[in-house]
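This report goes through one protein structure, helix by helix and residue by residue. Please keep the sequence and the 3D view at hand while reading.

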Amino acid sequence: KEYLFIPQNWKFLAYLIYVVVIPYLVGLLFLFFTIAGASFENFKLLDTSAFLIVWAIGYEIVAIVLLVWIMKLYLQYDTDE
């Protein structure tokens with residue numbers, strides 16, 4: 001069963017988006033809503049040029065969400081199938 005949509009001709013770009021872009025965007029959203037208080041003026045004051053820090057924050061959030069999803073699937077697993 002395939003869980004990720006990966007077009008055959010665009011594999012490198014798809015993996016780049018899944019590994020680099022999604023955690024970075026999640027990190028930016030986390031900084032915007034929690035640290036800056038959803039204020040664009042406060043968000044502009046943050047140093048978002050530290051790519052690795054923002055990416056690491058987003059990576060941890062994505063990892064937690066995926067682990068919770070895996071645990072939910074594990075608890076819902078029915079052995080009769």
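## Residues and helices

W55 has a relative accessibility of 23%, so W55 counts as partly exposed, since the partly exposed class lies between buried, under 20%, and exposed, over 50%. The model discussed here is a predicted one. W55 belongs to helix α3. Leaving aside neighbours within four places in sequence, W55 is in contact with V19, V20, P23 and Y24. W55 and I22 are 33 residues apart in sequence, and their C-alpha atoms are 8.7 Å apart in space.

I22 is located in helix α1, which covers residues 11-35. With 34% relative accessibility, I22 is partly exposed. I22 is also one of the residues in a nonpolar surface patch, together with W10, F12, L13, L16, I17, V21 and L25. The accessible area of this patch adds up to about 760 Å².

### Helix α1

How far apart are the end C-alpha atoms of α1? They are 34 Å apart. The helix has 25 residues, and at 1.5 Å a residue it should span 36 Å, so the two values agree. There is also a kink of about 35 degrees in α1, and its centre is I17. I17 is itself a member of the nonpolar patch.

Which residues of α1 are buried? They are A14, P23, Y24, G27, L28, L31 and F32. The buried residues of α1 pack against α2 and against α3, which covers residues 51-76. Two of the names, P23 and Y24, have already come up as contacts of W55.

L31, in helix α1, can be looked at in more detail. Its relative accessibility is 12%, and because buried means under 20%, L31 counts as buried. Not counting residues up to four places away in sequence, L31 touches A36, F43, L46, V54 and I57. L31 and A50 are 19 residues apart in sequence and 12 Å apart in space, from C-alpha to C-alpha.

I35 is in helix α1 as well. Is I35 buried or exposed? At 52% relative accessibility, I35 counts as exposed. Its contacts, leaving aside neighbours within four places in sequence, are F30 and L46. The C-alpha atoms of I35 and I17 are separated by 25 Å, and the two residues are 18 residues apart along the chain.

### The loop between α1 and α2

A36 is found in the loop between α1 and α2. With a relative accessible area of 5%, A36 is buried. A36 touches L31, N42, F43 and L46, again not counting residues up to four places away in sequence. A36 and V62 are 26 residues apart along the chain, and 20 Å separates their C-alpha atoms.

G37 comes just after α1 and takes a positive phi of about 65 degrees. A38 has a phi near 60 degrees, which is a positive value in a residue other than glycine. A38 is also in the loop between α1 and α2, and at 42% relative accessibility it counts as partly exposed.

### Helix α2 and the salt bridge

How many salt bridges does the structure hold? There is one. K44 forms a salt bridge with E41, and the closest N and O atoms are 3.6 Å apart. Side chains of opposite charge can pair when their charged atoms come close. Both K44 and E41 lie in helix α2, residues 40-45, and they are three residues apart, about one turn of the helix. E41 counts as exposed, at 51% relative accessibility.

### Accessibility side by side

The table lists the relative accessibility of residues discussed above.

| Residue | Relative accessibility | Class |
|---|---|---|
| A36 | 5% | buried |
| L31 | 12% | buried |
| W55 | 23% | partly exposed |
| I22 | 34% | partly exposed |
| A38 | 42% | partly exposed |
| E41 | 51% | exposed |
| I35 | 52% | exposed |

How values were computed:
Residues numbered from 1 in each chain as written. Predicted model: local features only at pLDDT ≥ 70, side-chain atom pairs only at ≥ 80, totals over all residues. Heavy atoms only, no water. Patch = residues over 30% accessible without salt bridge, like charges linked within 9 Å, V, L, I, M, F, W, Y side chains within 5 Å. Areas by Shrake-Rupley, 256 points an atom, 1.4 Å probe, with all protein chains shown as cover. Salt bridge = Lys/Arg side-chain N within 4 Å of Asp/Glu carboxyl O. Helix = DSSP H or I, 4+ residues; strand = E, 2+ residues; numbered from the N terminus. Buried < 20%, exposed > 50% of the residue type's maximum accessible area, 1.4 Å probe, protein only. Expected span 1.5 Å × (residues − 1). Bend = angle between axes of the 7 residues up to and from the residue. Contact = heavy atoms within 4.5 Å.
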